[in-house]
Amino acid sequence: MKFSATVTLQYDTPFSPFSAAEYVQGLDWIKASGLEGAELCISHYNGLDLGLVKAQLEERGLSCSTISTGQARGLEGLSLTGVSQDLQEKTQQRFRQHIDAAAYLGSKVTIGLMRGGGSVSTAQEDLKALREAMLPLADYASQKGVTLLLEAINRYETAMLNSAEATLDFVVHSLGNPDCVGILWDVFHANIEDIEFRRSIDAMGKKLQHVHLADSNRKFPGYGHLDIAGVLKYIEDSGYGEYASFECLNLPSVKAVREETGPWVASVRAVSEG
């Protein structure tokens, strides 16, 4: 299994122990911690030199595991559902830019909170709207050879697609099970919504294309009650060979996240090899 961690290029995020201004230091830390990739938080492409980004990754022998896209929801109000047609089209265009960048970087693209919030009372209409907004993006991603990662997110952040099984059902039955759409499964969200981890992992099968790591309280692994190392071993034993990426808050501290990531990954690999 490969590991990556979040770094941000434009605006600070609580999911990276390095600020946007410290982006290059973040890459150095990822390399020194024994990880293989960076999860790049990109809000927009104005003035962004992707050639430089790619070179900075390659200089360190790193890959881009996925492009994290959610910042633009809070900063610009972009969303695939629940907004005006003009804003929805702007959101779709932003995702096309993400897909183009992912094709260039050899990466995947996350669709998390940019899908919209929805509501329990309008669930069916919301999912229909999401389907209509995603179908052209899936077609574009397929043409570019890029995988879209639809994330299962807990009910306190969105009313749409909270569990692994609900997300799988949407991908298979609403989107028509395209090869270019997989599932991003976050252990933190799954602890809230999924009935049982192994059941969800088995159900997703090869549709599981990316994993996010955070403990039960969204702190760094080991500071909550989840056996994340055990979960990862089960995933790996199931044939998973994609990335597991840290997306925890900088808790208990930035210092702890920076210092403990490398040893934690090494310990997980020791368990896997044992």
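## Exercises on a predicted model

Histidine 98 touches Ile42, Ser43, Tyr45, Ile67, Thr69 and Val109, leaving aside residues up to four places away in sequence. Keep in mind as you work that this is a predicted model.

**Exercise 1. Describe the setting of histidine 98: which element holds it, is it buried or exposed, and which side chain does it meet in a polar contact?**

Step 1. Start with the element: histidine 98 belongs to helix α4, residues 85-105.

Step 2. Turn to accessibility. The relative accessible area of histidine 98 is 0%, and buried means under 20%, so this residue is buried.

Step 3. Look for a polar partner among the touching residues, which include Tyr45. The side chains of histidine 98 and tyrosine 45 are joined by a polar contact of 2.7 Å.

**Exercise 2. Work out how strand β2 is enclosed, and which strands pair with it.**

Step 1. Count the buried residues. Strand β2 spans residues 37-41, and 5 of its 5 residues are buried, so the rest of the structure largely encloses it.

Step 2. Check each face. Gly37, Glu39 and Cys41 are buried on one side, and Ala38 and Leu40 are buried on the other.

Step 3. Take the pairing with β1 (residues 2-8): this strand runs parallel to β2, with 5 bridges between them. Threonine 6 has glutamate 39 of β2 as its bridge partner.

Step 4. Take the pairing with β3 (residues 63-68): here too the sense is parallel, and 5 bridges join β3 to β2. Cysteine 41 has serine 68 of β3 as its bridge partner.

Step 5. Trace the connections. Helix α1 (residues 23-32) forms a right-handed β-α-β unit with β1 and β2. Helix α2 (residues 50-59) does so with β2 and β3, and that unit is also right-handed.

**Exercise 3. How many aromatic pairs does the structure hold? Analyse two of them.**

Step 1. The total is 5 aromatic pairs.

Step 2. One of them joins tryptophan 185 and phenylalanine 197, with 5.6 Å centre to centre and 90° between the planes, an edge-to-face arrangement. Tryptophan 185 is in strand β6 (residues 181-186) and phenylalanine 197 in helix α8 (residues 197-204), so the pair ties together parts 12 residues apart in sequence. Both residues are buried.

Step 3. Another edge-to-face pair is phenylalanine 246 with tryptophan 264, at 5.6 Å centre to centre and 75° between the planes. This pair links strand β8 (residues 243-246) to helix α10 (residues 254-273), across 18 residues.

Step 4. Add accessibility for the second pair: phenylalanine 246 counts as buried at 4%, and tryptophan 264 counts as buried at 14%. These two residues form one aromatic cluster with Phe220.

**Exercise 4. Which rings have lysine 54 and the charged end of arginine 258 over them?**

Step 1. Lysine 54 lies over the face of tyrosine 104, 4.4 Å from the ring centre.

Step 2. For arginine 258, the ring is that of phenylalanine 18, and the charged end sits 3.9 Å from its centre.

**Exercise 5. Examine the backbone at proline 252, leucine 161 and asparagine 177.**

Step 1. The peptide bond from leucine 251 to proline 252 is cis, with omega near 15°. Proline 252 lies in the loop between β8 and α10.

Step 2. Leucine 161 is not a glycine, yet its phi is positive, at about 60°. This residue is in the loop between β5 and α6 and is buried, with a relative accessible area of 6%.

Step 3. Asparagine 177 also has a positive phi, near 55°. Asparagine 177 is found in the loop between α6 and β6 and is partly exposed, with a relative accessible area of 35%.

Definitions and conventions. Residues numbered from 1 in each chain as written. Predicted model: local features only at pLDDT ≥ 70, side-chain atom pairs only at ≥ 80, totals over all residues. Heavy atoms only, no water. Buried < 20%, exposed > 50% of the residue type's maximum accessible area, 1.4 Å probe, protein only. Helix = DSSP H or I, 4+ residues; strand = E, 2+ residues; numbered from the N terminus. Pairing = 2+ DSSP bridges. Right-handed = clockwise from strand over helix to strand, strands pointing away. Phe/Tyr/Trp six-rings, centres within 6.5 Å; stacked < 30°, edge-to-face > 60°. Lys NZ or Arg CZ within 6 Å of the ring centre and 35° of its normal. Polar contact = N/O pair within 3.5 Å; in protein donor to acceptor, adjacent residues only side chain to side chain. Contact = heavy atoms within 4.5 Å.
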